[in-house]
Structure formats: structure tokens, C-alpha cells
Amino acid sequence: MLRTIKTSCILLLGWFIFSCKVEHATPPNEPMKNIAGSWGIIHATRNGTDMTSGFDFSKFRIVFTDSTYAIDSLVPFMVSTGGKWVFDDPQYPFNLIFTPADSSKSILAPFLFPVTGGVRNIIVTFSPGCPSNSYQYTLQKVN
Amino acid sequence: MKKIKLPINKKSWSWIWKITGTVIIIVIISCNLTISSVNQPAAAAGGSVVPITLNCSIFSNNPQTSALVVGILVPKIWNAASNTTVSFTSDQTTGPQPMSVIPPGTPSPFGGGLSWQDDMMATIGHANNLIPEYEWIAFQSNTTYNYPGTTTETVTVTIQIKVSDNNVLFNMAYVIAESTDGLHSTNYYPPNPPTSYYGTFFPASPIRINGTGTLLDFVNPQLSTVVPGSSLDNDIITIPFDATASNNSLSSANQVYLCATGFANGDSIKVCEQTDRTRLTSTGQGQWQTNIWPRGFFNLSPAQKLDSIEYYFTDATGATRVGYGGGASPFTFNFSCQ
């Protein structure tokens, strides 16, 4: 009887040990950021002062495809003509890099990509004129 | 119960109260930073180094170890943070003590998260300078000093500002403080209010820099001064019109329009019409303004770059014109960066 119990315990112990599977946890894959579409300016500041209602930003559009961008109804911006664009890092981007078609020089634009009220915004900060003047545009997709 | 009679007569009591009262007063007054006087020239040449001296005194009942902080209100166009040296001498130190610019964004103690510069602006103000193109620059001594307390320390601050070439008329303002208490300390309150920990001085006369270009007059109400003063044709510039600044033929106009000429690479481009594009917006009480993007407003080609603009204001008919000083000559603005 005791021998049966001993054997059963050993078998059970063996079963417990070998039934544990090592869990291979795969880190979730950070999705690539997708900004394809047509974006307009919903908010603009100059040196911290709200300029949104003091200047007509309403017609401005920047249209992104996978690799190109085009600008319509230009307002002060970090680029004035269309061309190619890339992120500095596709999964964790901190900068948009624009290369206008008429120039070999690339322009780095720091940007934020927050979701506000359930809607994705792009916030860019740049100096189109004097370096001492800082502008911030909040862009939202328009249809 | 036996009445205890103290061996002090009425006269002695009177003296005791007087002495105690005096001692209490000494205990109450325990902290004071003061700028007693300022030596500041009435005028200086554009591009020169302007010497300024602050004669200060510091008194505290309590010993303390702190760094000295000095703030100066300046026009932004001077780019003063990069063009100023500040040092001080005092009773307890030997030789000029160096001070360095406090990096922008450095929080001021008890300042609720504000930087020294923003805290000075919010607490001390802008000395009645009318064009909103001023800033506080702040300097802190490179080391801390042990202030022993109970003596009045005389401190002389020497400031040298290399001003820009521009013609300027500006109300300067100064503050001394220390790095422990900032501008709002409640360390010894009551009875010492936060204002005990800093001293300000507003000179009675503005400083005049005799330089080049249109006078940037911060002191007298101006009909129109473009903001930001440092702008290029790709910036958005705000062109204001203060119809109340001085007598002019548009003082009581209910519609004001902009008439402007841009000068680019030797060409002149005129935009003078009375339409939506040139109409100023009223912000109330005779104040008007318009924001324009010069590259778009003058429809420039990529190769064209504006050096300057000339402008004046008109009524709805275009017949009545107000230029510089209320006269017929236009206002001018040069595109440049500081």
C-alpha cells in the first residue's frame, strides 16, 4: 500500500514538473504609424499666442501618401513645395523628414501624434522665418 | 492667599515695557532686500556697451546660505541674455563676484513651476513698456554665499549690456533676490511677506539708445509697431493701429484698411485696396490690427525676398491716410532677425 502511494507520488511529481511549459512571451508589435490622407490646420500659435482666428489657415492642406506629400493653399510652413517624406523611425517616430522635390536638402520637423477626443492629431513645431519665432500647428484629417 | 508683591515699582515697569517693545520690533523686521539707487545713463550709442550699477542692501535676522539673483527688464531686440555681463561686490567678499545667465525654464523657488524669467514678468510686470517685445533676463551668482545675519550687507551690482544698433526708448527695471526664497517665499511669514525677499527698482527716466532705423518707442503710445520686431517675410506679422495714440484723421473711423508696399530685390510691390484682404479687425476702444503673411500677401515668387515694407492706414474710401506720426509719410518695417 505504502509502495503504491510512493510510486503514485513520484509519478504525480514527475507529471507536475514536466507539464509546466515555459511561456515564451512575445512583446506586442508596435504598429507602424499611418498618416496617409489629407490634413488641415485646426489650431495655430506663434510664440505661444493663439493665431487660429487671426489668420486664414482654413484652406491649407497637406496630403500624405505612403512616401510623398503635396501642399495646397500654402501658409507659413517648414516646406513650401511637395516632395518625399519619411519618419525618422517608422514605429517610434519623433520627427517627420521632408525632402522637397526641387531640393536635395531634407528638413527635419519634430512632431507629436496624440489622440485627442478620439481623433488623431499631428502637432508640428517649426520656425518658417526668424529662428526666434516658433510656430505650432495642430493638424487633423479632413475629408 | 498671600498677595505676592513684586519688587518693581511703576517706573521700572514702564522701562521694562519700552525695552520689551523695542526688542519685539527688532524681531519682527527680519528680512529686507533693497535696491537703494541705480546709476543708468540717460542715453547711449547703438551697439555700445551700456554700464549700469545697482546699489543694494541686504538685511536679515537669520543666517542663510544662498546665491544672489539679479533680474533686468530689456527689449527683446537686444538679445541681452547673450550680450550682458553681471557681477557684484559686497562687504563680505573680495573682488567682483561672477554671475551667469539663469537658463530659461529654470524654476523659481515657490514660483508654482514658473521659470525665474516668467515669474519676474508675472510678479514685477513690464514697467509700462507699451510694445509687447520685452523680456526679463536673470543672472545668478556662480557660488552661494553664507550670509551671517543681523548685519546690513551693502551689495553693488555691475551690469554691462551690449545693446543692439537699433534706435530705442525703453523703461528699464531691475530686481535683486536670492536663490533660496525667490519672489514668493513663505519661510518667515508671518510676519515677513514674500515681498521681503526681493527688491525692485524702476528708474524715473527711460533709457534712450541712439542708433539706426525707425525709433522703437516703448514709452509713448505708438500708432503702429509691427510685432514680432524680429521677423522675415515668411513669418506672420501683426500690424497694429492704435487710433487713440495721438491725434490723427482716423481717430474715430469705424473701418480701417492697410495700404502697403513691399520692397524685394529692388522691386516694389504695392497692395493698396479697401477689401477683406486689407481690412483691419477692431479689438475694441480704438485698437485695430491685421495679421499678414508677407510672402502670401505680396504674392512673391520663390526667388523674391522682401527687405522691408512701407505702409499706412486708410478709411473705406482710401482718401484719408494716416502714416508715421499721424502724417503722410508711411510707417516702415525692415525684415531682419536678432
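This is a short tour of a predicted two-chain model, with stops at the interface, the cavities, a pocket and two backbone spots.

Before you click, some housekeeping: residues count from 1 along each chain as its sequence is written, chains are lettered from A and ligands numbered from 1 in the order in which they are written. Local features here need pLDDT of at least 70, side-chain atom pairs count only at pLDDT 80 or more, totals for chains, interfaces and linings use all residues, and side-chain values use heavy atoms, with hydrogens and water left out.

**Stop 1: the interface**

Select the contact between the chains (heavy atoms within 4.5 Å): you should pick up 17 residues from chain A and 15 residues from chain B. The size of an interface is often given as the accessible area lost when the parts come together. Here the buried area (accessible area, 1.4 Å probe, lost on putting the two parts together and summed over both) is about 1,200 Å², with carbon and sulfur atoms giving 59%.

What holds for polar contacts between chain B and chain A? Nine residue pairs make them, both residues at pLDDT 80 or more. Such a contact is a pair of N or O atoms within 3.5 Å, where, within protein, one must be able to donate a hydrogen and the other to accept it, and residues adjacent in sequence count only if both atoms are side-chain atoms. Salt bridges (a side-chain nitrogen of Lys or Arg within 4 Å of a carboxyl oxygen of Asp or Glu) number zero between chain B and chain A.

Now colour β16 (237-242) and β20 (287-292) of chain B, the elements that give two or more residues to the side touching chain A. Strands here are DSSP runs (E, at least two residues), numbered from the N terminus. That side of chain B has eight nonpolar, six polar and one charged residues; nonpolar means Ala, Val, Leu, Ile, Met, Phe, Trp, Tyr, Cys and Pro, charged means Asp, Glu, Lys and Arg, and the others, Gly among them, are polar.

**Stop 2: the cavities**

A cavity is a set of points on a 1 Å grid over the protein atoms alone where a 1.4 Å probe fits but cannot get out, and lining residues have an atom within 4 Å of a point. Points are joined across faces, edges and corners, and a volume is the space filled by probe spheres set on them. The whole structure has two cavities of 30 Å³ or more.

The largest cavity holds about 270 Å³. Centre on Ile58(B), Ser66(B), Tyr145(B), Tyr147(B) and Glu178(B), the closest to its centre of 18 lining residues. β4(B) gives the largest share of that lining, three residues.

Hop to chain A for the second largest cavity, at about 30 Å³. Its lining is eight nonpolar residues, with no polar and no charged, among them Phe64(A), Phe77(A) and Phe98(A).

**Stop 3: a pocket**

The second largest pocket (an open set of points with protein on both sides within 12 Å along at least five of seven lines) has about 750 Å³ of space. Select Ser80(A), Asn234(B), Arg295(B), Pro302(B) and Lys305(B), the closest to its centre of 29 lining residues.

**Stop 4: backbone oddities**

Finish with the cis peptide bond joining Val227(B) and Pro228(B), omega about -5°, then Asn79(B), a non-glycine with a positive phi of about 50°.

Definitions and conventions: Helix = DSSP H or I, 4+ residues; strand = E, 2+ residues; numbered from the N terminus.
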